[in-house]
Amino acid sequence: AQALLPSALPFYYPSYVPPPQPQTKMFEDEFGREQLGAEKVHIQMQQRNGRKSLTLIVGMPDKVKLPKSGRILEVDHDKLLKTIKHNFRTNGTLKRDGQHGCVYQLQGDIRREVANFLVDFAMIITKEQVNIHGS
C-alpha cells in the first residue's frame with residue numbers, strides 16, 4: 001500500500017499552506033524607494049525530526065527599483081542565497097516554482113536573523129513587507 005501525495009501540493013514541502021496570492025503594485029518604502037511587486041515576504045519555520053528544522057522564505061521580489069536613478073534591476077536570487085548561507089553559516093537551496101516564485105530553504109530556525117538581514121543589509125524588502133510566521 002503506497003501513499004500518494006495530492007498533486008496540488010508543491011514538491012518541496014508536502015504540508016505547505018501557500019500564502020495569499022500577491023498583488024503586484026508600486027510601493028514606496030520609508031527611504032522613498034519605489035518598489036515593484038511590494039507583496040508580503042513570508043518567512044516561516046518547518047519542524048523536521050527531533051531538533052532539525054527548515055526556514056522557508058516565500059515571496060521575494062524578482063525586480064527592485066533604485067531610488068535615485070529609477071532603474072529597475074533584477075534580483076540575483078542565487079547570489080543572495082550564497083550570501084545568506086555564508087553569513088549565517090548554514091546550508092540552503094533555492095526552489096523555483098511557477099506558482100510561488102523563488103522559495104528559499106535554509107537549515108535551522110533563523111527566521112528573525114534572515115528578516116533583519118533582508119531589511120537592513122540587503123535592502124531588497126522593507127520591514128512592512130516581512131511577515132514572520134510562528135514567532
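**Figure 1. Arginine 89, an exposed residue in a loop.** At 75% relative accessibility, arginine 89 counts as exposed. The model shown here, and in every view below, is predicted. Arginine 89 sits in the loop between H1 and S7. Its phi is near 50°, a positive value in a residue other than glycine. Most residues other than glycine have a negative phi.

**Figure 2. Methionine 123, a second loop residue with positive phi.** The loop between H2 and S9 holds methionine 123. Phi of methionine 123 is near 55°, again positive and again in a residue other than glycine. Is methionine 123 buried or partly exposed? Methionine 123 has a relative accessible area of 39%, so it counts as partly exposed.

**Figure 3. The whole protein, as an overview.** Two helices and nine strands make up the secondary structure. Along the sequence, the pattern reads β-β-β-β-β-β-α-β-β-α-β. The protein has 135 residues, and 39% of them count as buried. About 8,600 Å² is exposed, with 51% of that supplied by carbon and sulfur atoms. Among contacts with a separation of 6 or more, 51% come from residues 24 or more positions apart.

**Figure 4. The five-stranded open sheet.** In what order do the strands of this sheet lie? The order is S7-S8-S4-S3-S9, and the pairing is mixed. Strand S7 (92–97) and strand S9 (130–132) are the edge strands, each pairing on one side only. On average, neighbouring strands of the sheet are turned by 20° against each other, direction ignored. Strands of a sheet pair through backbone hydrogen bonds, either parallel or antiparallel.

**Figure 5. The S7 and S8 hairpin.** Three residues lie between S7 and S8 in this hairpin. The two strands run antiparallel and are joined by six bridges. One point to find in the view is threonine 93, which stands opposite glutamine 105 in S8.

**Figure 6. Strand S8 against strand S4.** Strand S4 covers residues 53–58, and strand S8 covers residues 101–107. They pair in the antiparallel sense over five bridges. Leucine 54 stands opposite glutamine 107 in S8.

**Figure 7. The S3 and S4 hairpin.** Five residues separate S3 from S4 in this hairpin. Glycine 50 lies in the turn and has a positive phi of about 65°. Six bridges join the two strands, which run antiparallel. Histidine 42 has valine 58 in S4 as its bridge partner.

**Figure 8. Strand S3 beside the edge strand S9.** How do S3 and S9 run, parallel or antiparallel? They run parallel, joined by three bridges. Valine 41 stands opposite valine 130 in S9. S3 is mostly covered, with five of its seven residues buried.

**Figure 9. Helix H1 across two strands.** Helix H1 spans residues 77–88. It lies across S7 and S8. Its direction is at about 155° to S7. Beyond H1, in the loop between H1 and S7, is arginine 89 from the opening view.

**Figure 10. Helix H2 across four strands.** Helix H2 spans residues 111–122. It lies across strand S3 (41–47), S4, S8 and S9. H2 runs at about 175° to S9. The loop between H2 and S9 is where methionine 123 is found.

**Figure 11. Aromatic rings shared by the two helices.** The protein has two aromatic pairs. In one of them, phenylalanine 88 and phenylalanine 117 meet edge-to-face, 5.8 Å centre to centre, with 80° between the planes. This pair links distant parts of the chain: phenylalanine 88 is in helix H1 and phenylalanine 117 is in helix H2, 29 residues apart. Phe88, Phe117 and Phe121 form one aromatic cluster.

**Figure 12. Cover around the two paired rings.** Which phenylalanine of the pair is buried, with a relative accessible area of 8%? Phenylalanine 117 is the buried one, because 8% falls under the 20% cut-off. Phenylalanine 88 has a relative accessible area of 23%, so it counts as partly exposed.

Methods. Residues are numbered from 1 along each chain as its sequence is written. This is a predicted model: local features need pLDDT of at least 70, side-chain atom pairs count only at pLDDT 80 or more; totals for chains, interfaces and linings use all residues. Side-chain values use heavy atoms; hydrogens and water are left out. Two strands pair if DSSP finds at least two bridges between them. Axes are lines fitted to C-alpha atoms, for helices over the stretch in contact, and angles run from 0 to 180 degrees between N-to-C directions. Contact means heavy atoms within 4.5 Å. Buried means under 20% relative accessible area, exposed over 50%, partly exposed in between (1.4 Å probe, protein chains only). Accessible areas come from the Shrake-Rupley method with a 1.4 Å probe; for residues, only the protein chains shown count as cover. Rings of Phe, Tyr and Trp (its six-membered ring) pair if their centres lie within 6.5 Å; planes under 30 degrees apart count as stacked, over 60 as edge-to-face and the rest as tilted.
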